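Welcome! Here is a short briefing to read alongside the sequence and the model, grouped by topic so that you can look at one region at a time.

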Amino acid sequence: MRPPEAGDGRFGRRATAYAVGVATLDELLHAAVRAIGGVERPGQVEMAHAVADAIAKDEHLLVQAGTGTGKSLAYLLPAVLHAFDTGKPSVVATATLALQAQIVDRDMPRLAEAVAPLLGRHPTYGLVKGRRNYLCAHKLQGGFPDDEDGLFEVADVDQQASRLGKEIVRLRDWAEVTESGDRDELVPGVSERAWRQVSVSAHECLGGTCPMLAECFVERSREAAKDCDVIVTNHSFMAIDSFEGRQMLPEHDLLVVDEGHELVDRVTSTITDELTSSMVSAAAKRAGRLAESTEPVDDAAVFLQGVLDELPEGRLNGIPDALGLALARVRDTTRQLQSELKPDKGVEPDGARKVAQAAVEEVFENSARILEQRELDVVWVNRDPRRGSVLRVAPMSVAMLLRDKVFGDRTVVMTSATLELGGTFDAVAGTMGLRGEGAPTWRGLDVGSPFEYPQQAIAYVAQHLPPPGRDGLSAQTLDEIEALVRAAGGRTLGLFSSMRAAREATEEMRRRFDGDLGFLCQGEDQITTLVRQFARDPRTCLFGTLTLWQGVDVPGSACQLVLIDRIPFPRPDDPLSSARSQAIARMGGNGFMAVSATHAALRLAQGAGRLIRRSDDRGVVAFLDSRMMTARYAGFLQRSLPPFWPTTDRERVLGALRRLDETAPPVLAVHEPALRGVAGAVAATTMGRTGEDSAEHPRPVAADPPPAESARTAVTQGHAWTPESDEELRDGVELGLSLEELAESLEVPAQVVAARVSGLGLQVSAETTLAFE
């Protein structure tokens, strides 16, 4: 591993404060837009001034900015100015890895180069993630027990023996050259099984007592972040920092939350817990050599499994007596085990003890939480074909938690293309604790979109198709997909409600097209890698689920058709959705419209938004669910979409796609990920270089890649599990995947259950419903 280099050149250390006034916000925005070859847009200018005004007034801002507004520049420039003015960093939190990479790899490097002459120096920036996203130097050197016996020996004895062995050899080789230790830098990725051998969780980390603290990638990235003007992170990391007071982020008084429509779900997922008998047994096993006896914990695991297997699947209205006894036994035996695992006074725990302590602590805390039966907690049982019975608990609402911990002591700017529902911000604001008695002051602003949607895109509903069923894609639907894809000549992003459906469509299209077009499916490699392959080759299609519904940005002719297989309702028996719907109904509201229909409307708007990313983009969004025309809620869903030109005329749509394919310009250049510096910035940029080298050789973006040989050869075989896959798992449950589908498609155990947006009291919009022909 490369050691950190001395000096502050890499980070551009800030003084305690700066007197801003050398350049105005308008001058900076003009310089930044000109540097990226763009055009200033009224919505972007309006948003930038609104953000600056909110900072000046210490007032929260919710701003809806349609695709193409250029909202990242509109909040990054005021954030930079605020950091210069106060000497404190500004924090930007996103929901998806794709947007994090866009900001750190492209937006901030270009912005920094553009405004440096006006500000006197380059604004600095860094990327901060959770501990599991980084290599652990101590574990890599054997400081922790392997999660699975002999995995490192597999690579030593015969690296050709298995894919796992090859992955571990790759990880060792990469560890020798990486400066950041960031898993996202490793392309193609490795399986979760292999990554576990070189990473640790926050609870497993030895912290300040680690013998390799100086080489720790996490500590180096967080130390570097203290000297950055802008820190980029994710919703979950920001939430943990806010809720648990871990001070993983430096002191700051400005937080920008991009992809704000996802905040409630991400936060809920972060504080969702689960318990299984196998978790209890695994904790006992880890503690086996360090405690006098773990037999009581093993017995508690057996008792818990017997009770859970007898319970019906679904939400629990209260804790049954037998379950209460089983949970109490788990809690009490693990509490005793915690005492036994404490090291002798004055002795620091080693890696094995920390791993055991973390596993036992998780079981103890989760069982205790479920027994507490907190007012807002929802508890339910799932059947997982691989893990057996799983007991889960999640809060029905996080509104007051967000009000107190996120909005309480800093200015928060919340932005997204979909924050306004039914013509008002009130619904989303309510889920975040910004309504009701004691709510902080906030302002809502919609700056619109610069695109001419009716002239750029068609919204097509395949009204002739049968309503979607539970038995997979119908033959008629597969025929429709084939016809649309063939007319488009590839260039298709397929958004499906389940991985089973995405995989079924991929396999069937591969069979039907027999190599004429390339088909990629989520799960065949990291999402970022698949998206780059899709964007690089117009004769390629990419199919997947919720991770692709949002955060995927493929402008130009590579994406001219977006398929949506069905309305993305949550499952009717989803515990959180049903609990929220019932709570709204008890208050006299419409639970279906406030929860299920609103969830679907947000997802449809996000999915349809994948099509038009620039002013010269053209294409079709095809809805393969006839309920978009026939259901009583169809008008509400239609109003959630961008105002595309609507039709149900199949032949007209096929003709339009053929013409677009025939006249399509070459696809746009695709930027490959580059090596990152310790602060998370691309190594070739000013922020990724050190000392004099940084000043002499600034380069704002990664180099363009060579083209793939074909649509197929670029696909990595096998499953590559990433932190993004964890998000996909949560999102998949939220979309309505069954546990069988999750286990079959992702081939790994579920971690947490995606949460739903809490009750939204909506009013029917007065806007005109799209008139489909």
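Aspartate 625 and arginine 627 form a salt bridge, with their closest N and O atoms 2.7 Å apart; a salt bridge here is a side-chain nitrogen of Lys or Arg within 4 Å of a carboxyl oxygen of Asp or Glu. Aspartate 625 is buried, at a relative accessible area of 1%, where buried means under 20% relative accessible area, exposed means over 50% and partly exposed lies in between (1.4 Å probe, protein chains only). Please keep in mind that this is a predicted model, in which local features need pLDDT of at least 70 and side-chain atom pairs count only at pLDDT 80 or more, while totals for chains, interfaces and linings use all residues. Residues are numbered from 1 along each chain as its sequence is written, and side-chain values use heavy atoms, leaving out hydrogens and water.

**Salt bridges**

- Side chains of opposite charge can pair when their charged atoms come close.
- A search of the whole structure finds 31 salt bridges.
- Aspartate 273 and arginine 369 meet through their side chains in one salt bridge (2.8 Å, N to O). Because aspartate 273 lies in strand 6 (residues 273-275) and arginine 369 in helix 15 (residues 351-372), this pair ties together parts that are 96 residues apart in sequence.
- Of these two partners, aspartate 273 is partly exposed at 22%, and arginine 369 is buried at 6% relative accessibility.
- A network of salt bridges links Asp479, Glu482, Arg486, Glu508, Arg511 and Arg512.

**Helix 19 and helix 27**

- Helices (H or I, at least four residues) and strands (E, at least two) are DSSP runs, numbered from the N terminus.
- Helix 19 (residues 475-488) packs with helix 27 (residues 650-663) at an angle of about 35°, and their axes are 7 Å apart. Axes are lines fitted to C-alpha atoms, for helices over the stretch in contact, and angles run from 0 to 180 degrees between N-to-C directions.
- The residues that meet include Leu484 in helix 19 and Leu654 in helix 27, with contact meaning heavy atoms within 4.5 Å.
- A salt bridge (2.8 Å, N to O) joins the side chains of arginine 650 and glutamate 480. This pair links distant parts of the chain, with arginine 650 in helix 27 and glutamate 480 in helix 19, 170 residues apart.
- Arginine 650 is partly exposed at 28% relative accessibility, whereas glutamate 480 is buried at 2%.

**The open sheet**

- Seven strands would be a good place to start tracing: this open sheet of 7 strands has the order 14-15-13-16-17-12-18, with parallel pairing. Two strands pair if DSSP finds at least two bridges between them.
- Strand 14 (518-521) and strand 18 (645-647) stand at the edges with a single partner strand each, so one side of each has no neighbour in the sheet.
- Neighbouring strands of this sheet are turned by 15° against each other on average, direction ignored.
- Strand 14 pairs with strand 15 (residues 540-544) in the parallel sense over 4 bridges, and phenylalanine 543 in strand 15 is the bridge partner of cysteine 521.
- Helix 20 (residues 499-513) lies across strand 14 and strand 15, running at about 165° to strand 14.

**Two residues with positive phi**

- Aspartate 58, although not a glycine, has a positive phi of about 55°; this residue is exposed, at 55% relative accessible area.
- Glutamate 259 is not a glycine either, and has a positive phi of about 50°; this residue is buried, at 9%.
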